[in-house]
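Let's take a relaxed walk through a protein model, starting with the big picture and then zooming in on a few spots. Keep the picture open while you read.

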Amino acid sequence: MDLDRLFREESGRILASLIRLVGDFDRAEEAMQEAFAVAAERWPAEGEPARPRSWIIGTARHKALDRLRRERIFASKAPLLVETGARVSDASGAEAPDELPDDRLRLVFTCSHPALPLEARVALTLHTLGGLTTEEIARAFVVPQPTMAQRLVRAKRKIRDAGIPYRVPSRAELPERLEGVLATLYLVFNEGYAATAGDSLVRRDLSVEAIRLARLVVELLPGAREARGLLALMLLTDSRRDARTDARGDLVLLEEQDRRRWDSAAIAEGLALLPGALSGAPPGPYAVEAAIAALHARAASAAETDWRQIAALYGTLQRVRPSPVVALNRAVAVAMAAGPEAGLPLVEELEREGALAGYHLLSAAKADLLRRLGRHAEAAASYREALVLAGNGPERRFLSRRLEEAERAASSAPIAAP
Amino acid sequence: MEYLLLIYSNEKAWSAMARPELDAIYGEYHALTESLKASGTYKGGNPLQATSTATTVRVRGGKTLATDGPFAETKEQLGGYYLVDARDLDEALAIAARIPSARMGSIEVRPIQRM
């Protein structure tokens, strides 16, 4: 039995139950580590138990109890507040069961509790559910290890001191709390998706981890259609990962990507989730975004993309979760469906509204529309603006190239006759 | 666990409210208090007079300095509090959300230090 693999695959599940049994994140973690250490010693010699996970939980539970007794705080200090009879031994004196079906859900929701700062939610989720070490998480988010360690310490301290309960939210609370969980997972996914070839392996693995955790949420909450929507969105987006950058690490536009390099298994899984995600009205925002991603995934080539449907879906998204960025994406889709002359007024309206001031993609989009309309001098001006605002390397290289092309086209364009 | 629910809202907006609106809100507060008492959660609570009645005391280098006004000028001012005994943070947060001022102001939920 590969203990490393058991840890990697099951530590989240083990911890979820132990936290409930022991009443404290740190104690549960310590006890689990000790149990794994004992397993490393005994299993090679004695052979591995029939049910390894149960063995670990049982052993860890006893170690935690021993420690609690030794510290003589068994009866006094209030441990993590756990709902109904799930403590180490409940009122009747009967032992609480080692594993309850809801344990992982308890952990999922507690890690994403709104009382915890966003960064802490991400770190705690990856650490407890994902089994990532502090160091791995620190490297993934390009943050010094002590900073990440502090983040985790503070989060666990707040859970204890403020009385954050270890429970699955009630039916009434569920939609809002689930939103928090999904937002955490989406953040993790985006961090991983933004990773480039030069980044550490762990950074790129974040997307994989986010997808795994989203799958878990879908499994544990089969009725949560937005969880399905998020998972579909992640799968469909991630399917393009190998085609997004070229050998140099430069950005490859969606319309120029080699679609044969798209992950067809991920696309199939994402598409299969879509009907369930889109069930019910109004559709959830993740489901709508997934539907848009699906339209790209389904098109055998860029030319076959159903831009009219995409534009319509952005319109739906604008109603369901309005934002200036969504409005911009809609403008771009409208331009693809009905021509740049249809999209330009929408982009100019957004410019006038000012909500996207400083957003380089607004200038870049405007530049692209002007380019397609043959208005090269104006396009160049917008590309220059976008360059001033753009952040990362691949994007800057792309915009510089476009700027050069626009300037060349502008200087060779015939001057209008007076 | 005991929690202090600190009720912050904009005093100017409060004083600009018409009588009937004000009465309705006080009615809501009364109902909430009764409800918390009935459930055994209520440990205390009071509305505070406006910050114009506040005086702030500091002792520095042995000298007592008393100044007019709240400890700091803020956009929202402390207007009242509830002290509750709740099962956990989630219950305290749910109570905070029922406080009328939560709709136009902010409720800070702080656990009482256990000694």
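Below we look at the two chains side by side, then at some helices, a strand and a loop. One thing to keep in mind from the start: this is a predicted model.

## The two chains at a glance

Here are some overall values for each chain.

| Chain | Residues and share buried | Span of the C-alpha trace along its principal axes |
|---|---|---|
| Chain A | 418 residues, 40% buried | about 95 × 45 × 40 Å |
| Chain B | 115 residues, 17% buried | about 45 × 45 × 20 Å |

What is chain A built from? Its secondary structure comes to 19 helices and zero strands. Chain B mixes both kinds of element, with three helices and six strands. If you trace chain B along its sequence, you meet them in the pattern β-α-α-β-β-β-β-α-β.

You can also ask how far along the sequence the contacts reach. Take the contacts in chain A between residues at least 6 apart in sequence: 61% of them join residues at least 24 apart. Do that for chain B, again with residues at least 6 apart, and 75% join residues at least 24 apart.

Chain A also comes with a domain assignment: domain 1 covers 1-100, domain 2 covers 101-221 and domain 3 covers 360-412. Between the C-alpha centres of domain 2 and domain 3 of chain A there are 38 Å.

## Where the chains meet

How many residues of chain A are in contact with chain B? Seven residues of chain A do this, and they touch six residues of chain B. On the chain A side, those residues are five nonpolar, one polar and one charged.

## A kinked helix in chain A

Now zoom in on helix 1 of chain A, residues 3-22. A straight helix of 20 residues would span 28 Å at 1.5 Å a residue, but this one spans only 23 Å between its end C-alpha atoms. Look along helix 1 of chain A and you'll find a kink of about 60°, centred on A:Glu10.

The buried residues of helix 1 include A:Ser11, A:Gly12, A:Ile14, A:Leu15 and A:Leu18. Among the elements covering the buried residues of helix 1 are helix 2 (25-46), helix 3 (52-70), helix 4 (103-111) and helix 5 (118-129) of chain A. Just after helix 1 of chain A comes A:Gly23, with a positive phi of about 85°.

## A helix that keeps its expected length

Next up is helix 17 of chain A, residues 360-372. Its 13 residues reach 18 Å from first C-alpha to last, close to the 18 Å expected at 1.5 Å a residue. Why call helix 17 of chain A largely enclosed by the rest of the structure? Because 10 of its 13 residues are buried. Charged residues appear among them too, including A:Lys366, A:Asp368 and A:Arg371.

The buried residues of helix 17 pack against helix 15 (324-338), helix 16 (340-353), helix 18 (376-389) and helix 19 (393-412) of chain A. Helix 17 of chain A is followed by A:Gly374, whose phi is positive, near 80°.

## An odd backbone angle

Most residues other than glycine have a negative phi. A:Val142 is not a glycine, yet its phi is positive, about 50°. You'll find A:Val142 in the loop between helix 6 (134-140) and helix 7 (145-161) of chain A. Is A:Val142 buried or exposed? A:Val142 is exposed, because it has 11 other C-beta atoms within 10 Å, and 12 or fewer counts as exposed.

## Two spots in chain B

B:Asn46 sits in strand 2 (residues 42-47) of chain B. B:Asn46 has 10 C-beta neighbours inside 10 Å, so it counts as exposed. Leaving out residues up to four places away in sequence, B:Asn46 touches B:Gly80 and B:Tyr81. B:Asn46 and B:Tyr81 are 35 residues apart along the chain, but their C-alpha atoms are separated by 5.7 Å.

B:Tyr81 turns up again as a contact of B:Leu5, along with others that include B:Tyr82, B:Val84, B:Ile95 and B:Val109. The largest nonpolar core has 118 residues, and B:Leu5 is one of those touching the most other members, as are A:Leu18, A:Ala214, A:Leu231 and A:Ala290.

Methods:
Residues numbered from 1 in each chain as written. Chains lettered and ligands numbered in written order. Predicted model: local features only at pLDDT ≥ 70, side-chain atom pairs only at ≥ 80, totals over all residues. Core = buried A, V, L, I, M, F, W, Y, C linked by C-beta atoms within 7 Å. Domains from an automatic or database assignment. Helix = DSSP H or I, 4+ residues; strand = E, 2+ residues; numbered from the N terminus. Expected span 1.5 Å × (residues − 1). Bend = angle between axes of the 7 residues up to and from the residue.
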